[in-house]
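Biologist: Please choose one part of this assembly and take me through it closely, from its strands outward to what it touches. I would like the reasoning as well as the values, in one connected account.

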Amino acid sequence: MAFEYIPGDDFFHRRDPRTKIFMAISIVIMSVWFNDPVWLISLFIFELLILKLARIPLSKIAGFIRGIFPVAVMYFIFNLILPPVRVADPLVVFYLVFWTFPPLFPITVESVVWGIGALFRFLIILVMIRTVLMLTPIRDLILALTKLRVPPEFALAVSIGLGYLPVLIDENRRIKEAQQARGWEYEFRNPAKRFSALLTKMLIPSIANSMRRTRDIATAIESRGFGYNLRARTYLHEIKMKTGDYLVIFIFLGLLLAAAFVRGLAIGGQFVFGLGLADFQVTARFVRSWVTTPAYSLFVSWMNLIPWSIIPFVNLLPLSYMHVQFGQYFFLLLMGLIVGLIAGIISRGKSRKVAFGINLAITIPLFFGLFYLIWPMLPTTFAVFFSLGWFDAILAQNLNLLIAYLLLIFITVLWPYTGSVMGTIIGRFRGGKKTVFIPPPITDDD
Amino acid sequence: MEDIPDIVIEDVSFTYQGSEQPALDSINLRIEPGEIVMVSGPAGAGKSTLCQMLNGLVPHFFRGNMSGTVTIHGHNTRKNTIAYLSQRVGLLFQDPSAQLIAPTVNDEIAFGAENYGIPRDQIIERVEKFRKLVRLDRYASTSPHRLSGGEQQACAIAAVMAMHPDIYVLDEPTSNLDPIGSYRVLDLITTIVRKEKKTMLIVEHKMEELLPIIDRLIIFNEGKIILEGTPRELLHNVQLMEKIGLKPPQVALLASKINSDRFGSELPLTLDEAITKFKSLLKKKDGAPVLIDETKEVSLGQEIIRTESLWHVYEEGEVQALRGIDLSIKAGDFVGIIGQNGSGKTTLVKHFNRLLLPNYGDIWVMGENTKDCTIAQLSTQVGYVFQNPDFQICCQSVQDEMEFGPKNLKLDKEEIERRRNEVAKLFGFEERLDEKPFSLSKGERQKLAVASVLAMRPEVLIVDEPTTGQDYRTGNEMMEFYRSLNKSGKTVIIITHDMNLAAEYCNRIIVLRNGRILLDGPVRDVYSQSKILAKSFIQPPQITRFGQALDKYGLPINALNVDEMYKHVSKLM
């Protein structure tokens with residue numbers, strides 16, 4: 001369940017819900033202040049530490065992160081491509097659309113660093129909300145809201161709404177089954193078709209039922225005296241701020257101040273206070289300096305199968321271009337993995353032969369598709385080949401392109417296997433489909 | 001205070017907004033403190049309106065045209081708010097899950113007291129006390145929606161009690177519950193009556209269990225009080241009760257059939273009374289228990305459903321709903337599947353049209369493994385009528401609703417029309433094809449739901465709880481319809497909690513318990529094994545139990561209805 005409360009009686013569980021809300025808000029504020037992955041990762045670890053102290057099994061959080069993973073990845077990619085912060089003179093790693101001239105959508109060191117930070121901020125905020133919900137029964141949260149001057153009607157509505165969630169899910173299932181039992185098919189592959197099928201045939205019964213339920217709930221709460229005198233309403237549960245609560249609030253206020261100091265306050269683009277440390281550009285600069293070291297170029301040259309340091313023509317090539325080339329291999333590999341993932345998901349649970357067929361069917365058009373994307377580069381390749389001879393051509397860095405083709409063929413051949421391997425991995429990752437259910441012996445039969 | 005009656009209703013009529021028929025028509029009623037009144041009558045007789053009138057829901061929430069006055073403890077309901085009146089009148093509704101609104105059982109019980117600003121320590125005291133009384137101590141911080149139906153209703157009762165009302169009004173508290181649940185709730189009501197000595201008005205159909213505690217019985221019909229008196233006075237007139245669609249206790253029916261002179265005005269109302277009475281009238285006999293060996297004539301066709309060691313588990317094997325079911329159902333049979341909630345009845349029948357697939361084992365429908373079919377294919381062979389028609393009705397008009405299935409089958413236009421006309425004729429919808437389904441009454445919606453399933457022309461019809469939420473008359477009408485469908489050669493499978501219904505209509509009964517078949521056989525054989533049935537908290541009909549209690553006196557242990565028992569008893573007397 002999305003709102004599962006995990007009972008416990010430790011320091012953090014015992015805190016007043018208002019304290020927990022304050023704790024959550026201050027962590028969220030800090031995560032918004034920082035944009036540097038180093039600081040955000042530290043904050044994330046700090047959050048996990050709180051969970052550990054509250055004796056919440058980390059597997060619960062792992063399960064939660066698994067659930068939001070696709071969204072987090074989407075968020076990451078979005079930030080990678082279109083980072084909201086512009087940086088002067090970024091270092092391009094590779095272009096997403098590299099086959100056009102000029103290439104489009106550069107992925108830069110800066111955007112990767114920013115993206116990782118954004119990803120962790122996303123995780124911090126969601127995990128924090130989840131943590132508060134695991135530490136506090138919904139009822140206490142609502143009570144805290146009422147204490148914070150939220151009208152009791154609103155609090156009651158939220159509480160009833162959450163309480164009825166399982167009922168609603170069950171009802172939706174029943175409605176769907178009732179239609180299916182009359183030959184209705186809604187499981188269209190096409191999401192638009194599926195959506196419209198669900199909408200038209202489930203909407204009428206859903207509306208009818210929710211109207212009936214609204215009336216039932218209204219009569220039930222009226223009959224139990226709700227609204228008798230809202231101001232004089234008493235509560236079964238009491239929330240009280242204790243010393244521990246003030247302590248936690250004090251500590252988090254301190255943390256907030258410290259964070260403000262580290263982050264630094266800027267007025268009109270000028271730092272007026274603090275260290276200005278926690279900016280992602282600091283980390284980006286660091287990564288850049290690492291990327292341009294000889295060690296890294298050695299690494300890149302290894303990728304190109306040629307030891308750059310002993311070849312005299314090495315200086316012909318600007319270093320940054322190598323990054324782009326390297327990035328493109330990486331991009332191809334990544335695409336291979338994604339296609340493999342898709343193929344794996346589709347072929348999950350199928351026999352090995354069928355899975356191979358499915359993968360092949362996906363791969364072959366993709367290979368031609370990619371080939372089509374690269375072919376504008378072919379003339380250049382051949383031109384260089386003919387004018388310089390193959391050895392010189394290789395030296396002239398067109399080897400990169402050659403390797404790109406080889407890699408493409410290599411990946412294509414491997415894809416079908418990647419597919420089934422990834423399928424198994426995904427299967428494990430998602431808790432997997434039970435392969436065979438083996439009935440246990442029956443012991444209580446009489 | 002003692003002199004003021006709790007409830008005074010003077011010449012009250014009420015017509016709901018947008019309706020022409022009055023829901024209540026010149027009602028006069030006076031209920032004294034401490035009185036236990038049972039109200040009964042067919043659906044739409046105005047019983048619920050009466051209940052809602054007592055705490056002001058009518059006319060403050062449900063608006064309409066009201067004349068006359070309702071006075072609670074001298075407070076006119078028209079001049080006081082619902083919240084004010086609810087302090088005195090605790091109202092319990094029929095559907096347990098619809099009235100539970102708090103996140104935990106504790107909060108649920110406390111809700112009313114919280115609203116009235118009762119000091120916190122007193123609230124805690126009340127919560128503890130009433131949670132214990134309704135035996136929900138284990139579930140203090142569980143969500144009420146996770147409880148079983150009976151437990152939910154118990155929780156709702158505790159919530160009403162924690163408001164310390166002077167008057168309890170219970171609107172059909174057991175009609176949505178399984179046998180264990182109703183037993184629990186009725187037992188609870190009896191306890192409350194004995195302990196609290198407060199005024200109570202109960203709307204109920206189940207007379208058997210409540211008769212010992214009732215002071216007065218009031219029968220409603222079409223918005224009017226048609227009969228009023230002590231249960232003994234009223235039940236004496238058994239024929240009239242049957243005529244207005246009420247089920248008097250079977251032993252009372254039997255006694256009235258035999259000869260009213262023998263019992264005078266003292267008709268036995270409960271099983272115990274009847275047993276003592278008949279013991280004095282009959283002679284003890286030795287020998288084996290008497291069995292009725294008449295069996296219903298059924299000619300069965302080919303096997304249409306077969307399961308082999310069928311298992312179904314939920315939540316990754318945590319919940320084992322079905323554990324190795326071996327079953328064979330032949331064409332033309334009328335099968336009743338009984339068992340408590342959670343015994344696997346619904347899970348089992350959902351395999352028949354592939355809404356579920358087994359986790360282990362196999363199921364064949366018409367010789368085909370359901371693994372190899374789609375739900376859509378099976379929908380032409382197995383029709384499934386759900387308990388609540390409102391989950392099923394999804395179209396804008398009666399006509400569209402009946403055509404929904406055939407259209408899904410992509411039949412041609414003429415065939416769709418032919419089938420629509422066929423089922424419309426069956427249920428008398430010919431003239432009402434353009435009406436909106438939600439303007440129909442509940443009984444009519446149920447019929448529409450059945451009609452739209454029959455338009456698929458299934459060989460097997462599964463009906464989940466065919467009579468729940470309907471009164472005796474509509475329920476009977478539908479059951480007679482299923483019987484005639486069965487006579488025409490279709491297989492009918494019903495899931496039911498109503499043992500009398502199963503006795504009356506089914507040829508074969510399958511009793512499920514914890515996902516296993518406990519008993520399976522002809523109705524008569526199954527009901528004669530009351531010891532095994534008791535394991536599953538299922539009681540055969542009262543008349544069967546009556547025979548079983550007096551088996552030493554030569555009464556049959558497997559009688560299914562009053563007529564059969566009467567034949568035997570009259571021979572002996």
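Modeller: A residue is called buried here if 20 or more other C-beta atoms lie within 10 Å of its own, exposed if there are 12 or fewer, and partly exposed in between. By that criterion, buried residues make up 26% of the 446 residues in chain A. The model is a predicted one, and the part I would look at closely is a strand of chain B, after which I will widen the view.

The strand is S7 of chain B, which spans residues 167-171, and five of its five residues are buried. In a regular strand the side chains alternate between the two faces of the sheet. For S7(B), one side carries Ile167(B), Val169(B) and Asp171(B) while the other carries Tyr168(B) and Leu170(B), and since all of these are buried, both faces are covered.

S7(B) also has strand partners. Strands of a sheet pair through backbone hydrogen bonds, either parallel or antiparallel. Strand S6 of chain B, residues 89-92, runs parallel to S7(B) and is joined to S7(B) by four bridges, with Leu92(B) standing opposite Leu170(B). Strand S8 of chain B, residues 199-203, likewise pairs with S7(B) in the parallel sense, here over five bridges, and Asp171(B) has Val203(B) as its bridge partner in S8(B). Leu170(B) therefore combines a buried position on one side of S7(B) with a place opposite Leu92(B), whereas Asp171(B), buried on the other side, is bridged to Val203(B).

Another sheet of chain B is built with antiparallel pairing: four strands form an open sheet in the order S2-S1-S4-S5. Strand S2 (24-31) and strand S5 (75-76) of chain B are its edges, and because each has a single partner strand, one side of each is left without a neighbour in the sheet. Inside that order, strand S1 (residues 7-16) and strand S4 (residues 64-72) of chain B run antiparallel and are joined by eight bridges, one of which pairs Thr15(B) with Asn65(B) in S4(B).

Strand S1 of chain B also holds Asp11(B), whose phi is near 50°, a positive value in a residue other than glycine. Asp11(B) counts as exposed, because it has 10 C-beta neighbours inside 10 Å. A second positive phi outside glycine, about 55°, belongs to Phe537(B), which sits in the loop between helix H22 (530-535) and helix H23 (542-549) of chain B. Phe537(B) is partly exposed, since 15 other C-beta atoms lie within 10 Å. A further backbone feature to check is the cis peptide bond from Val58(B) to Pro59(B), with omega near 10°; Pro59(B) has its place in helix H2 (residues 57-61) of chain B.

On the scale of the whole chain, the domain assignment divides chain B into domain 1 (7-238), domain 2 (250-281 + 546-572) and domain 3 (303-541). The C-alpha centres of domain 1 and domain 2 of chain B lie 34 Å apart, and their contact draws seven residues from domain 1 and seven from domain 2. On the domain 1 side, helix H9 (residues 231-235) of chain B gives the largest share, three residues, and that side consists by class of five nonpolar, one polar and one charged residues.

Chain B also meets chain A, with 67 residues of chain B in contact with 49 residues of chain A. Seven residues of the chain B side come from helix H4 (residues 105-115) of chain B, the largest share, and the chain B side divides into 38 nonpolar, 21 polar and eight charged residues.

The partner, chain A, has 14 helices and four strands. Two of these helices, H1 (residues 17-33) and H5 (residues 138-147) of chain A, have axes that come within 9 Å and cross at roughly 85°, which makes H1(A) roughly perpendicular to H5(A). From H1(A) the contact takes Pro17(A), Arg18(A) and Ile21(A), and from H5(A) it takes Asp140(A), Leu141(A), Leu143(A), Ala144(A) and Lys147(A); by class these are five nonpolar, no polar and three charged residues. As for contacts in chain A between residues at least 6 apart in sequence, 72% join residues at least 24 apart.

Methods:
Residues numbered from 1 in each chain as written. Chains lettered and ligands numbered in written order. Predicted model: local features only at pLDDT ≥ 70, side-chain atom pairs only at ≥ 80, totals over all residues. Pairing = 2+ DSSP bridges. Helix = DSSP H or I, 4+ residues; strand = E, 2+ residues; numbered from the N terminus. Contact = placed C-beta atoms within 7 Å. Nonpolar A, V, L, I, M, F, W, Y, C, P; charged D, E, K, R; others polar. Domains from an automatic or database assignment. Axes fitted to C-alpha atoms, helices over the stretch in contact; angles between N-to-C directions. Parallel < 35°, antiparallel > 145°, perpendicular 65-115°, else oblique.
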